[in-house]
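Work through the exercises below with the sequence and the model open. Each task is followed by a solution in steps.

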Amino acid sequence: MTGLAPGEPAFALLADGTAIKIRELGPGDVDAVRRLHRGMSPDNLYLRFFARSPQIADEMSVRLCREPGPGHGALGAWLVDRLAGVGNYEPAQGPGVAEIALAVADGMHHRGVGTLLLEYLVSLARSRGVREFRADTLAQNFAMLRVLSSAGIPVRRRLDNGVIEIRMPLTPDGHYLDAVAERERHAGVESLHHLLRPASVAVIGAGRRPQSIGGAILRNVVSYGFAGPVYAVNPRAGDRLAGVPCFPSVAELPEPPDLAVITVPPDAAGQAAEDCGRRGARSLVMITSGVDGGELLATCHRHGMRLVGPNCFGIANTAVNLDATFATLLARPGAAGVVVESGGIGVALRDHLSRLDVGVSAFVSVGDKYDVSSNDLLLWWESDPATRLGILHVESFGNPRKFARTARRVGRRMPLLTVVSGRSAAGRRAAASHTAVTASPAVTQEALFLQAGIIATRSLGELLGAAALLAHQPVPAGPRVAIVSNAGGAGVLAADACADAGLTAAPLSPDTVDGLTRLLPRGAACAGPVNTTAGVDPGRFTRCLDAVAADEGVDAVIALVAPTAASDLITGLAHGGAAKPLAAVVLDQPESVCVRHGPGNRRVPSYAFPEEAARALALAWSYGRWLDRPAGHQPGLDDLRTDEASRIITGFLAESPEGGWLPPAETLHLLSGYGLPVADWRWATSGAEVVRAAAELGHRVVLKACVPGLVHKSQAGAVQLDLRGERDVRRAYAWLSDRFGDKLTGVLVQRMARDGVEILCGIAQDPVFGPLVTFGLAGVGGVAAEVLGDRSARLTPLTDVDAAELIRSVRGAPLLLGHQGTSPVDTAALEDALLRLSRLADDHPEIAEVDLNPIIARPDGVVAVDGRIRVLPRRRWDPYLRRLR
């Protein structure tokens, strides 16, 4: 798979954050390549060509720029209009082997040009069947040796007479992807410095009217205390505006602005962006909506600017006193990094986070996110010491796999929270309309978030409740919650709320119960939930919280107060229970969540109802479970016949360019080539062949009629089961022949599988998230899984941990793991089948759908008795390749 489409460029970031364009070379690029070679010093020419002859370099320029072919690939990297480097591979001795070479223009060394070209060559070559790169490099060519050895791919070297022969197997693994991700993190953070830590700011379109959005942004930038130069651009506003210099045009600014914020009308926005690029701006925030995002992005690429928006609310970074938004209230400095698509949601989050003493470190409203997206902000938060909590409200994902991989890494450093948007059909329609991209079902989003360790909430209120807890309290070590209240009925409600949230009301140890009995008034319930009685004084209530928090059988504490005239327990809520995570509940509290202050800097989240506190603790515990979860690994699966699968798919698409369902025989061949357990089968086109096939397979067989366009065979009467002997087989074949007549193209004869638990597994292609592996029970008590909704999914690629969790994630899992005395099925074989499906989806993006329904699982193995595969012509795509949107 590759990130390049024929004739289309890709944009990526160099090590210093500069955007560069990469595309395949063609005959029209000969002069540019020749100029690059002629601009190289004699020493660099010698290192590249083993000679200082310009003639050899000219000949190579022509060779590099010939038409692309399966055995040859050549890429160029352009910095604006200058060719900064070239890389190519050519056929070498042996099948699947190619020789690689790189050349970087003098003056462009040590910026990551060669490394980026190598990554793209690896992706391009692998998509064309190359399995190994070789390179002959002079021993003194330290730059080339460093590029190859630091790529993250294992390198084998052999020195021969001053020349080092290098061999690189093109089997990128987790180590290579980690190396690419680290280079992407470094480059991405560098590119965002001009956006989030700018040296200067210009607001284009700032006005004097109170309702002017540009004027509001300018006033916020100034009043928040940004230390660098601030400029306004408005031809009708005079020499000064909001206390800063104002210029009639971008061209007249005294210096190129690091950050340009554009608030002009839509018909002037494109020209304003072009003016900013020509003046040398390094980043652009397009507030204006109704702008052609494609043209705007092309302008930013052409001038090397990062872009936020269009149709956004602005950005803020409290570490440098920057608030370039049109919010009414300025951002309060704090711990939360926030990225949102919706400006309205962003305003609400900022205000609530400030009220909850969480505050904001960096805030970005990405709007239509043509460039800067949640992936970029994850990289920034990872490198920002001020950010200890990440909040995302995004309605779509540009590169879900890269997002998931990045989020897994960042989530180890800080909690990441989000709201699952578009859970209903109406919500998905609204999200798609709002973001102008396809929105995905909630089950798909939840699969992504679960794998990435992101805390997925169902509402903004739930998100804020969890954020308040995670910002101010440690992560619970388990689900055992001690409940302390001054009202027995409220404690019962809290216990029920914990059970509903997947927590347990912790019984207290005998020692703790004895201590509480001596501490609390007569009539108190001390075993848990603890009822202190309404007459308890604040001091004893605080000591009670300390006692239950010290119990080794307690992981967290809910302190619940029903205000009474007898004593004021509210002011002391944040004084006790410091040994464990503590959530308070105050039943007459007007806010759904607020923060109570204790000694020193201690802060305790306080909720209006026990259900909210329990849900916040449950979400925090889910994050703790994820932190303790093994990372898992992707098995090698060296027994796959990938070339055979490619031939089947390519051959079918050659005959059916628009795609469709593979014929049954090709389907089973492809599944078998990936080691998926398929019931023994034979293909037959006549009565005699059917009888012979049945005799070979055994005494119990199944006949399945194959009719073009017929998908659901059982419903159409195209399946004859449990046929025993030649007489049954002949009768069944005659019946199928009579039923389907000339439409019958053949019959699939299969060995009858023994009874077991029927499971459905498959692959589905989500238009945004890419391939998913689906899993569920094929039916329970005669009720289809579709009706029960008992299905689950995970994004590819699956790890062994993902596969195990997927099996256990459906409600019917007890039927697989042993239920009421039944033997558990072979879950290891089932996990292996899921991993092979995942690999099949990743290797062949043309596969739009796989349906194995059913797979029969037994204690002694699993077997698929029916399968369908639908393929479509798709462009191969490398989701891990470094590239801008």
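**Exercise 1. Aromatic pairs**

Task: State how many aromatic pairs there are in this predicted model, and classify the pair of Y89 and F133.

Solution: The count comes to 5 aromatic pairs. For Y89 and F133, take the ring centres, which are 5.9 Å apart, and then the planes, which stand at 40°. Planes under 30 degrees apart would count as stacked and those over 60 as edge-to-face, so this pair is tilted. Next, place the two residues: Y89 belongs to strand 4 (residues 82-91) and F133 to strand 6 (residues 132-138). The pair therefore ties together parts that are 44 residues apart in sequence. Both Y89 and F133 are buried.

Task: Do the same for F313 and F363.

Solution: The centre-to-centre value is 6.4 Å and the angle between the planes is 80°, which makes this aromatic pair edge-to-face. F363 is in strand 19 (residues 360-365), while F313 is in the loop between strand 15 (306-308) and strand 16 (314-317). Because of these positions, the pair ties together parts that are 50 residues apart in sequence. F313 and F363 are both buried. Ring pairs also bring in F326, giving a cluster of F313, F326 and F363.

**Exercise 2. Charges over rings**

Task: Which ring lies under the charged end of R52, and which under R870?

Solution: The charged end of R52 sits over the ring of Y46, at 4.8 Å from its centre. R870 lies over the face of W661, and here the value to the ring centre is 5.9 Å. The cut-off for a charge over a ring is 6 Å from the ring centre.

**Exercise 3. Cysteines**

Task: How many disulfides does a search of the whole structure find?

Solution: The search finds 0 disulfides. Check C312 against the cut-off of 2.5 Å between sulfur atoms: the nearest cysteine sulfur belongs to C300 and is 12 Å away, and C312 is in no disulfide. C312 has 6% relative accessibility and so counts as buried. For C526, the nearest cysteine sulfur is that of C544, 7.6 Å away, and C526 is likewise in no disulfide. The relative accessible area of C526 is 10%, so C526 is buried.

**Exercise 4. Nonpolar cores**

Task: Which residues touch the most other members of the largest nonpolar core?

Solution: The largest nonpolar core has 59 residues, and L118 and F133 touch the most other members. Helix 4 (residues 113-127) gives the most to this core, namely 9 residues. Now list the contacts of L118, leaving aside neighbours within four places in sequence: I100, L102, F133, V147, L148, A151 and M168. Another core, of 55 residues, lies apart from the largest one and includes L192, V221, L259 and V308.

**Exercise 5. Helix 27 and S373**

Task: Compare the span of helix 27 with the expected value.

Solution: Helix 27 (residues 827-843) has 17 residues. From first C-alpha to last it reaches 24 Å, close to the 24 Å expected at 1.5 Å a residue. Of its 17 residues, 12 are buried, so helix 27 is largely enclosed by the rest of the structure. Among the buried residues are L830, E831, R836 and D842.

Task: Where is S373 found, and is S373 buried or exposed?

Solution: S373 is in the loop between strand 19 and helix 11 (374-383). Its relative accessibility is 6%, so S373 counts as buried. Not counting residues up to four places away in sequence, S373 touches V366 and R885.

Technical notes. Residues are numbered from 1 along each chain as its sequence is written. This is a predicted model: local features need pLDDT of at least 70, side-chain atom pairs count only at pLDDT 80 or more; totals for chains, interfaces and linings use all residues. Side-chain values use heavy atoms; hydrogens and water are left out. Rings of Phe, Tyr and Trp (its six-membered ring) pair if their centres lie within 6.5 Å; planes under 30 degrees apart count as stacked, over 60 as edge-to-face and the rest as tilted. Helices (H or I, at least four residues) and strands (E, at least two) are DSSP runs, numbered from the N terminus. Buried means under 20% relative accessible area, exposed over 50%, partly exposed in between (1.4 Å probe, protein chains only). A charge sits over a ring if NZ of Lys or CZ of Arg is within 6 Å of the ring centre and within 35 degrees of the ring normal. A nonpolar core is a set of buried Ala, Val, Leu, Ile, Met, Phe, Trp, Tyr and Cys residues joined through side-chain atoms within 4.5 Å. Contact means heavy atoms within 4.5 Å. The expected span of a helix is 1.5 Å times one less than its number of residues.
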